[in-house]
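Me: Please show me the structure before we go through its aromatic residues.

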Amino acid sequence: MKKKVQPKMVYVILFLLTVFLVYGWRLGTGRVIHSDELSVIFAGQDMFSGDPFLKGWHLTTGVFLLPTIELACAVYTFGYSETLVYMVAGINYALMVFSGVWIVFLYARKWTVKKAYVYSIVVFLILLIPRSVTLLNAGTHVLSYAAAILAIFFTYYLSGIVTGVWVKAGWTFVLGLLSVTNSMFLYTACIPILLVGIVVSYENKKKHRLSGLLYYGVSSVILYAVFQKLWIGIRGEKLGAIDTVFASREDIWNQVVMGTCNILEIFGINFWEEKVFSVSTCRAGVGFVILLKLAYEIVQYIKQKEKRDREIVYLFLAVAAVNITAYVFSTVPAYSPDVNLIQPFLLGFTLAGILAWMHNEKEKKEKEEIKCNIVVVCSFLLFLLMFPAFTVRQPDNMGRRQAAEYLKDHGYQKGFASYWDAASVMYASKGELEIEPVICHNIVEVTEDTKLVAYRWMTKKEWEQQEGNFLIVDPESDMQYAINENTILQTFGQYEEKKQFGDITVYLWNENKKLQGY
């Protein structure tokens, strides 16, 4: 007798097929692979080659150890390939979406919610479309977001059962270690766990019982601070080039507006300066329905006195609250004003809203499920309306590949490039070229004396001392950083030759040149 295929397995297969279809489509449109995601590959290779703490590197505002290790292992196993980077990005995003869908389906089954699969479909459709190209980046926060969703679930599970001391200590160690590998894990997992632990312990004060979440939250944050000190102590310097601090009072209102607009945008509500009757307006309409529905269900859930599994809803709501608060009251919007770093709000708010909605509906009559189907339709419409923008053709990587091949074929080995082209051309050369990123020493007030200097941002320290005889720039994107022909001549003198490869310009000299100090 043949075994029946479990419905859950069908959903999993359909989910994975759809995600990889989307990423295959996106891969075919030729998204530019840039230095943010490729720099971590070279850093990861150095980690495995005897520099585990990356002492020989200038890092960014923090570390991205999870994707660094992941990408370095992938390249070590399969070799240099642009397709490999696209696939890793696709897998990471698929893992993030699947984690949310799995948790919703799990609690729908646990609460015996009618038509539980419908809620999973809603989560899937809302989270599937990335609102920023950066979310397709294999080397930044997406893997940490997926890890945070799963960590929240397992922490809640462990806090509700009797476990030994070693289990608690071990899981706390994992949370602390993950948080120090990427600061976004701290804000999307450890701090929400700590805050909900405090709230639930306060709610339980009459029972004189502290929440298990409080233990995991406090311990993981303390371990984060300890691991951070150890990491910095071993490296001998701070992690990043930019310190995140509180915003000034004068900037708060502007950042509240920016944060609000970004929240609307991640739900497809972006109709600014568009025609009244347009696709953007339609997208905004269905996005509003979804956003308001989720907000309504969260409010209704909070009003209830008896709430099953309230901590899991609180945890995802805390993810959204911590993310928007940190975004508005810090200097983050100054160097990341787009929707990139506000993605955890979409994750937390959507999951909290769907879980609250399921809990609110589980006792109601079957006719109430019509409301659920309406939002399913809206979610599907949002998916369709945002899909064309998602698949808009981007410039391809052909220019970088051609530049790398030309330089290798003509015996060039070391040189310089703007940040966005340095690691990408190195990767296209399969690691045979060594390229130091450059930037202007004074971008704000560019004068005739403005020169290029080494850019200490996700780069290897020894590259600063190297001499090179070529410079790679992308004039269209580098103009905003004042990397133009005048600053190039001021730094290196008259070039012997200039080559054009697609959007990429390569300046060549017969003798080696060296950058001035930073």
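**Aromatic pairs between helices**

Me: Does F227 count as buried or exposed?
Reply: The relative accessibility of F227 is 14%. Buried is under 20% relative accessible area, exposed over 50% and partly exposed in between (1.4 Å probe, protein chains only). F227 therefore counts as buried.

Me: What kind of model is this?
Reply: Residues are numbered from 1 along each chain as its sequence is written, and side-chain values use heavy atoms, leaving out hydrogens and water. Local features need pLDDT of at least 70 and side-chain atom pairs 80 or more, while totals for chains, interfaces and linings use all residues, as this is a predicted model.

Me: How many residues apart are F154 and W171?
Reply: The structure holds 22 aromatic pairs (Phe, Tyr or six-membered Trp rings with centres within 6.5 Å; planes under 30 degrees apart are stacked, over 60 edge-to-face, the rest tilted). F154 and W171 form an edge-to-face pair, 6.3 Å centre to centre with 70 degrees between the planes. F154 lies in helix α6 and W171 in helix α7 (DSSP runs of H or I, at least four residues, numbered from the N terminus), and the two are 17 residues apart.

Me: Which of these two residues is buried?
Reply: F154 has 36% relative accessibility and counts as partly exposed. At 18%, the buried residue is W171.

Me: How many residues apart in sequence are F173 and F227?
Reply: These two rings pair edge-to-face, at 5.4 Å centre to centre and 85 degrees between the planes. F173 is in helix α7 and F227 in helix α9, so the pair ties together parts whose separation in sequence is 54 residues.
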